[in-house]
Amino acid sequence: MLSYTDLKKGVLFTLEGEPYKVIDSSFSRMQQRKPVVQVKLRNLRSGKTVERTFQPSDTFEEAEVQKRPMTFLYAHRGDYVFSDDADPKNRLTLKEAALENKTNWLKPNTRLTALFFKDELTSIELPIKMDFRVIEAPPGVQGDRAQSGTKTVTIETGIVIQVPLFVNAGDTVRVNTETGEYVERVQKAPA
């Protein structure tokens, strides 16, 4: 059993029969009042986000979530199709709403971790750092410091990110999928 103080970022628990993941939490104690924890939660089944306040008397069950390796195959009309690594013929589908902003980083054949609650695919976990090819990049002019040494480029999934001036179209860059920030250039485009 979890108490209200155990509800930290990333904790999975069951509330009213539904699996939830804690996105953010803050502890507060006002003068002569009971301490409370204000929590922002995401329902793993529906993808909806709610905010709740919990008291010291509240207890929760840890969600029994199984993790399995899977591969993203393709997206079609808001449905995202994944194949089980243990049995590639076994294909499972998730709606776009359940994936939150993770769709920005999905490209075909991406290996990831799938979360199952009661044998139902509820969500996915992406690798923290992934490599993407730069599709569009304006030329970086050396000495142009109006943008503090960065420029805006488009990567292969269609997402726009900020990178240093030396990154060009065709380069492969590593991106942090949690923050959406550039990490490093992995491979320079052939000349």
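This short presentation concerns a predicted model, taken in three parts: residue N43, an annotated domain, and a hairpin around T150.

Local features here require pLDDT of at least 70 and side-chain atom pairs count only at pLDDT 80 or more, while totals for chains, interfaces and linings use all residues. Residues are numbered from 1 along each chain as its sequence is written, and side-chain values use heavy atoms, without hydrogens or water.

I begin with N43. This residue belongs to strand β4, residues 36–43; strands are DSSP runs of E of at least two residues, numbered from the N terminus. N43 is buried, at 8% relative accessible area, where buried means under 20%, exposed over 50%, and partly exposed in between, using a 1.4 Å probe and protein chains only. A polar atom of the N43 side chain lies 2.8 Å from the backbone nitrogen of R45. Beyond four places in sequence, N43 is in contact (heavy atoms within 4.5 Å) with E18, P19, Y20 and K48.

Next, the annotation. An unreviewed UniProt entry places "domain: Translation elongation factor P/YeiP central" at residues 67–122; such annotations may be inferred rather than shown by experiment. That stretch is 57% strand and 0% helix, with its end C-alpha atoms 11 Å apart.

Finally, the hairpin. Strands β13 (residues 150–155) and β14 (residues 160–164) run antiparallel, joined by five bridges. T154 has V160 as its bridge partner in β14. Four residues lie between the strands, and G158 takes a positive phi near 95 degrees. T150, in β13, is partly exposed at 24%. The T150 side chain makes a polar contact with that of Q162, at 3.1 Å; polar contacts are N or O pairs within 3.5 Å, and within protein one atom must be able to donate a hydrogen and the other to accept it.

Conventions:
Pairing = 2+ DSSP bridges.
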